[in-house]
Amino acid sequence: MNAEDELLSLPDILSPAELLQMMSLLRESRRIVITAHHGPDGDAVGSALAWGAYLKKIGKKVSICLPSWYPDFLRWMPGSQDIITYYDNASAIRQLLAEADLVCCLDLNNLSRLNQMEEAVAATKAPRILIDHHVEPQTEQFKLVVSRPDMSSTCELVFRIIWQLGGYEHMSRSTAACLYTGIMTDTGNFSYSSNDPLLFLSVSLIMRKNIDKESIYKKIYHSWSQGKFTLWNDTLSQCLSFHASGHASVFTLTREQMKAHKFLRGDAEGLVNEPLKVRGMKLSISLREDTEENVVRVSLRSTAGFHCREMAERFFNGGGHEDAAGGKLPFPIEEARNTAIKAIEAYETQLINKPSPS
Ligand code: 5GP
Ligand code: MN
């Protein structure tokens, strides 16, 4: 196929062997549980809802069970009211997992990303399918692994799978809106992870379902509470420090600060990207006291040739993508700040990137 033809038709995303296995696993299942990573974002929720809607259309009984709640700004997503969380309904979810014929794990590469729900999912007798775009999938835990780290988002991947399975024609506008949301949020509204022209062919097909992309943008990005606005401003002006000659930054967010600004779940999402707006900034580290567990959640973002994933693995008990990674530290916030500063020092040469003497 030449490049022009390719841009007019979506190539198959599943290999013939994967397609056969997917079809046979779906054919043999009636009750299906869908799950996604802890602290679900637009991509996790969007892909779970869209995959769930497809499975319902082909006659399956679907339950969407997430480890913890999604942010308030995703509450409008069609179907989200049917989601249940392990945080609130552990025993009901254990029951659903015990009765399930199939478990689909979306937008995670490792069962550890389910946090407190990990054990329950690992204990299921039903086969598991992984559908994800993170590197290093935990293959041994899954009967079928559909891992595509080159994809912008799990939503793009789910769209391509539904397309290949012939589910596009009957896809609803609501499902298209869920898929668009995940693609939009995982690419920062098409600013990163979105150089593949084929992504825009998928988006074009999603747009044909008559979604209102402007309204989705507003619901996600321009629906801030006053508290969120003041929290962002206060954090950036009072709790942020620059390091490595201005090529790295760290900010902290404590429970106390969050309380003062009437924090709602999701209010800090995206804040870690802000320091990257500074010229020369290559690394932004966010340290946030968790509201549910006694840990500091670490988020890292990098750009301009510095990659933060290795740092997340080495210093923050985590991992992720090359330029968007995270982890957690079981320390008080000040100790966590010291760890972040040590991590920056360990990578100082790369961050400053002085031209090597020739
Ligand atoms: P965020 O900063 O948005 O919470 O996470 C960014 C990315 O980092 C996620 O997509 C995920 O790949 C990775 N990540 C976040 N937290 C953890 C963690 O605790 N462990 C691992 N292995 N990866 C994480
Ligand atoms: Mn994702």
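In the predicted model, H133 has a relative accessibility of 4% and therefore counts as buried, the limit being under 20%. D107, at 2% relative accessibility, likewise falls in the buried class. Both residues belong to the coordination site of the manganese ion (ligand 2), whose protein donors are D43 (OD), D107 (OD), H133 (NE2) and D186 (OD). These donors lie 2.2 to 2.4 Å from the ion. Along the chain, the donors follow the spacing D-x63-D-x25-H-x52-D. D107 and H133 are 26 residues apart and link distant parts of the chain. D107 is placed in the loop between strand 4 (102–106) and helix 5 (118–122), whereas H133 is placed in the loop between strand 5 (128–132) and strand 6 (144–147).

The search for enclosed space returned 1 cavity of 30 Å³ or more. The largest cavity has a volume of about 50 Å³ and is lined by R31, I32, V33, K61, S63, L96, E99 and A100. Strand 1 (31–36), strand 2 (61–66) and helix 4 (86–99) each give two or more residues to this lining, with the largest share, 3 residues, coming from strand 1. Sorted by class, the lining of the largest cavity comprises 4 nonpolar, 1 polar and 3 charged residues.

Among the open pockets, the second largest has a volume of about 170 Å³. Its lining is formed by 16 residues, of which L49, K56, I64, P78 and G79 are the closest to the centre of the pocket. Two or more lining residues are given by each of helix 3 (42–57), strand 2 and helix 7 (173–186). Helix 3 provides the largest share of this lining, 5 residues. By class, the second largest pocket is lined by 8 nonpolar, 6 polar and 2 charged residues.

Helix 10 spans residues 226–238, 13 residues in total. The distance from its first C-alpha to its last is 18 Å, close to the 18 Å expected at 1.5 Å a residue. Within helix 10, the residues G227, K228, L231, W232 and T235 are buried. Viewed down the helix axis, the buried residues of helix 10 fall within an arc of 135 degrees, so they line one face of the helix. The face turned away from this buried side carries the exposed residues Q226, F229, S237 and Q238.

Methods. Residues are numbered from 1 along each chain as its sequence is written. Chains are lettered from A and ligands numbered from 1 in the order in which they are written. This is a predicted model: local features need pLDDT of at least 70, side-chain atom pairs count only at pLDDT 80 or more; totals for chains, interfaces and linings use all residues. Side-chain values use heavy atoms; hydrogens and water are left out. Donors are N, O and S atoms within 2.8 Å of the metal (3.2 Å for Na, K and Ca); water is not among the atoms, so sites may look incomplete. Helices (H or I, at least four residues) and strands (E, at least two) are DSSP runs, numbered from the N terminus. Buried means under 20% relative accessible area, exposed over 50%, partly exposed in between (1.4 Å probe, protein chains only). On a 1 Å grid over the protein atoms alone, a cavity is a set of points where a 1.4 Å probe fits but cannot get out, and a pocket is an open set with protein on both sides within 12 Å along at least five of seven lines; lining residues have an atom within 4 Å of a point. Grid points are joined across faces, edges and corners, and a volume is the space filled by probe spheres set on the points. Ala, Val, Leu, Ile, Met, Phe, Trp, Tyr, Cys and Pro count as nonpolar, Asp, Glu, Lys and Arg as charged, and the others, Gly among them, as polar. The expected span of a helix is 1.5 Å times one less than its number of residues. The arc is that of the directions from the helix axis to the C-beta atoms.
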